[in-house]
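Work through the exercises below with the structure in view, trying each task before reading the solution that follows it.

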Protein chains: 2
Amino acid sequence: MKGTLKTIILHLLENEGRMYGYEISQKVKELSLDRIQLTEGALYPTLHKLEAEGWLNVEKEHIGRRVRKYYSLNKKGESMATQKIEEFKEFMDTMKLVLHLQPK
Amino acid sequence: MKGTLKTIILHLLENEGRMYGYEISQKVKELSLDRIQLTEGALYPTLHKLEAEGWLNVEKEHIGRRVRKYYSLNKKGESMATQKIEEFKEFMDTMKLVLHLQPK
DNA sequence: GCACATACCTAAGAATCTTATGTATATTGC
DNA sequence: GCAATATACATAAGATTCTTAGGTATGTGC
């Protein structure tokens, strides 16, 4: 995933408002046309890290007998989402220059 | 650099024919409009790895009293260069889908 | 009831990059 | 002439991020 996992998660939360881990992995699979299969070993530690960095709110909900953890962006998280997307766009533009790819 | 260093090196060698390490770092700086500053700690180990994987030819040349190591693609390296560029394009397309970016 | 999907989690190891350091020669500015 | 900078190679410690592999448990479809 080349270091873009945080960017993806922040963007999805910005777009959807509120998501839980498993839901994020399914959404990424769907949006990427099955090309990105998020592994749990990457997903959950990253969510915990984003939370620890103070960018996410977490709410636990009981669905039947199971606990589901819903994540959403707080204010800091919102500005981080915007920033990460901008950084990624700039990264793509730079790579196009270096790899001599036509902007299409 | 998000895992794109090999791709960049292979592409530059494909494009320029023959380059040495320091020259590669300067070319990347130039093409990226100073946005990518390749560090030697990343560059040289990667060159050695590409060589060990059997994708590069190496020729040593004496410039004054110094030794310069010129790298070029062999056949395997040429097909790897093409493949890596294709993979990167697909990666960008996938990211555009996931991040809801307009193809421009 | 058994397979599969849902839903969370962690830990070991691999890969890649940054930072720091080392060595040495060549060139440029004053 | 000499000091600073540029050229040119290299390695090693540590950080980050990801893969692989394992663990636990509930819910659903046939």
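**Exercise 1.** Find how far a polar side-chain atom of Tyr20(B) lies from a phosphate oxygen of DNA strand D.

*Solution.* In this predicted model, start at the side chain of Tyr20(B) and go from its polar atom to the phosphate oxygen of DNA strand D, which is 2.7 Å away. Next turn to chain A, where a polar side-chain atom of Thr39(A) lies 3.4 Å from a phosphate oxygen of DNA strand D. Both distances can then be held against the cut-off for a polar contact, which is a pair of N or O atoms within 3.5 Å. Finally, look at a base: an N or O atom in the side chain of Glu40(B) is 2.8 Å from a base nitrogen of DNA strand D.

**Exercise 2.** Describe the protein surface near DNA strand D, and state which element gives the largest share of it.

*Solution.* Begin with the residues around DNA strand D, which number 22, and of which Arg66(A), Tyr20(B), Tyr22(B), Arg66(B) and Arg68(B) come nearest. Then sort the residues of this surface by kind, which gives six nonpolar, eight polar and eight charged. Next assign them to elements: at least two residues each come from helix H3 (40-52) of chain A and, in chain B, from helix H2 (21-31), helix H3 (40-52) and strand S3 (66-73). The largest share is that of H3(B), with five residues. On the side of the DNA, sugar or phosphate accounts for 66% of the atoms of strand D within 4 Å of the protein, and bases account for the rest.

**Exercise 3.** Characterise the interface of chain A and chain B, and say how many salt bridges the rule finds across it.

*Solution.* First count the residues in contact, which are 31 in chain A and 31 in chain B. The buried area between the two chains is about 3,100 Å², and carbon and sulfur atoms give 74% of it. Turning to the polar side, there are six residue pairs in polar contact between chain A and chain B, while the number of salt bridges found is zero. On the side of chain A that touches chain B, helix H1 (5-16), helix H2 (21-31) and helix H4 (75-98) each supply at least two residues, and H4(A) gives the most, with twelve.

**Exercise 4.** Which turn and shift lay chain A on chain B?

*Solution.* A turn of 180 degrees, with a shift of 0.0 Å along the axis, lays chain A on chain B with an RMSD of 0.0 Å. That is the relation of a two-fold axis. As a last step, compare the contact residues: 100% of those of chain A recur in chain B, so that the same surface serves both copies.

How values were computed:
Residues numbered from 1 in each chain as written. Chains lettered and ligands numbered in written order. Predicted model: local features only at pLDDT ≥ 70, side-chain atom pairs only at ≥ 80, totals over all residues. Heavy atoms only, no water. Near = heavy atom within 4 Å. Polar contact = N/O pair within 3.5 Å; in protein donor to acceptor, adjacent residues only side chain to side chain. Helix = DSSP H or I, 4+ residues; strand = E, 2+ residues; numbered from the N terminus. Nonpolar A, V, L, I, M, F, W, Y, C, P; charged D, E, K, R; others polar. Contact = heavy atoms within 4.5 Å. Buried area = accessible area lost by both parts, 1.4 Å probe. Salt bridge = Lys/Arg side-chain N within 4 Å of Asp/Glu carboxyl O. Least-squares fit on C-alpha atoms with pLDDT ≥ 70 in both.
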